[in-house]
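The following exercises are to be worked with the sequence and the coordinates at hand. Each task is followed by a solution set out in steps.

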Amino acid sequence: MKRRLLLFQMLILLFLLSACNNYGQVIHQNKVIMDNQIEQDIDQIEEIPIVMEEPDWSILQAESVMIKGDNIFGSGTILSITGTEVYIITNDHLSTYVLNPIVWFDENTGLEAEVISAAEQLDLGLIKVPTEEIPSDVLRNLKSLTFPDENMDFEVGMQLFVVGSATALNSTQFSSKVVLGEEYHLEFHANMITGKGKALAGMSGSGVFNKKGEYLGMISGAKDDLFVFLPYQIIQSEKILGGIINDED
């Protein structure tokens, strides 16, 4: 009787082991199928063309200038065009520390600029050039920047578009994205935004825009393939700009 019971128990054990083995094979097969499906899905995603809506680069170029002196050069963006002055925002280290600063509106038009004011801690400067000194055919092609109508959050992955003058006027323009949202930078005493892109000499002061062509901020520093820029909200709030923002005639 005991032998029969023992034999019966062994048969049940063998049955359970066989069932578990079959179940394990099914799980393994399903996992292989799922892994293959995931790889196929990734391949399909990579094959889908990415459609990036870009701004009108020619308009952004019309808002951008090159600032060049005896010892340094960089970029700037036209803040406002009035009947008497063209106001330009750039970095303080360009506006204050450049010897004999010249603003280049095109390849043939470079005019001496006057430094109006600066926020040294933010590395933000304001300069101007008399409107009457700019040739009429050049002046009519210039445009001033446009700030966003609503407050904007800089989310990771947000598209950015940069225009600057690293080697020549408007020689630097590229698409980018936010890789790090607002983060306090001690050297600028402000929350800065980090973007991914080229780090080239002369990019300081370059404008950062969105796909609508709205001005999002100004590049203040770069290293390797990252750059940081001062967001437009801080620029708008600075007293050095006074009442000239978008004060076009």
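**Exercise 1. Establish which residues valine 98 is in contact with, leaving aside its neighbours within four places in sequence, and whether valine 98 is buried or exposed.**

Solution. Once the neighbours within four places in sequence are set aside, valine 98 is in contact with Lys68, Gly69, Asn71, Ile72 and His93. The model examined here is a predicted one.

Next, locate the residue: valine 98 belongs to the loop between helix H3 (92–95) and strand S4 (102–106). A further check concerns aspartate 70, which is 28 residues away from valine 98 along the chain, while their C-alpha atoms are separated by 7.0 Å.

Finally, apply the cut-off for burial, which is under 20% relative accessible area. Valine 98 counts as buried because its relative accessibility is 6%.

**Exercise 2. Determine how many residues of strand S3 (residues 85–90) are buried, and which strands pair with S3.**

Solution. Begin with the count: six of the six residues in S3 are buried. Then separate the two faces. Glu85, Tyr87 and Ile89 lie on one side, Val86, Ile88 and Thr90 lie on the other, and all are buried. Both faces of S3 are thus covered.

Turn now to the pairing. Strand S2 (residues 73–81) runs antiparallel to S3 and is joined to it by four bridges, with threonine 77 opposite isoleucine 89 in S3. The connection from S2 to S3 is a hairpin of three residues.

Strand S7 (residues 124–130) also pairs with S3 in the antiparallel sense, over six bridges. Here glycine 125 in S7 is the bridge partner of threonine 90.

**Exercise 3. State in which order six strands close into a barrel, and which residues make a nonpolar surface patch of about 190 Å².**

Solution. Trace the barrel strand by strand: the order is S8-S9-S10-S13-S12-S11, with antiparallel pairing. From one strand to the next, the twist averages 45 degrees.

Within this order, consider strand S12 (residues 215–223) and strand S13 (residues 226–231): they run antiparallel and are joined by six bridges. Among the paired residues, lysine 223 has leucine 226 in S13 as its bridge partner.

Leucine 226 also leads to the patch, which is made by Val179, Leu180 and Leu226. Of these, valine 179 is placed in strand S9 (residues 172–185). Valine 179 has a relative accessible area of 30%, and is therefore partly exposed.

Note on methods
Residues are numbered from 1 along each chain as its sequence is written. This is a predicted model: local features need pLDDT of at least 70, side-chain atom pairs count only at pLDDT 80 or more; totals for chains, interfaces and linings use all residues. Side-chain values use heavy atoms; hydrogens and water are left out. Patches are made of residues with over 30% relative accessible area and no salt bridge: like charges are joined within 9 Å, nonpolar side chains (Val, Leu, Ile, Met, Phe, Trp, Tyr) within 5 Å. Accessible areas come from the Shrake-Rupley method with a 1.4 Å probe; for residues, only the protein chains shown count as cover. A salt bridge is a side-chain nitrogen of Lys or Arg within 4 Å of a carboxyl oxygen of Asp or Glu. Helices (H or I, at least four residues) and strands (E, at least two) are DSSP runs, numbered from the N terminus. Buried means under 20% relative accessible area, exposed over 50%, partly exposed in between (1.4 Å probe, protein chains only). Two strands pair if DSSP finds at least two bridges between them. Axes are lines fitted to C-alpha atoms, for helices over the stretch in contact, and angles run from 0 to 180 degrees between N-to-C directions. Contact means heavy atoms within 4.5 Å.
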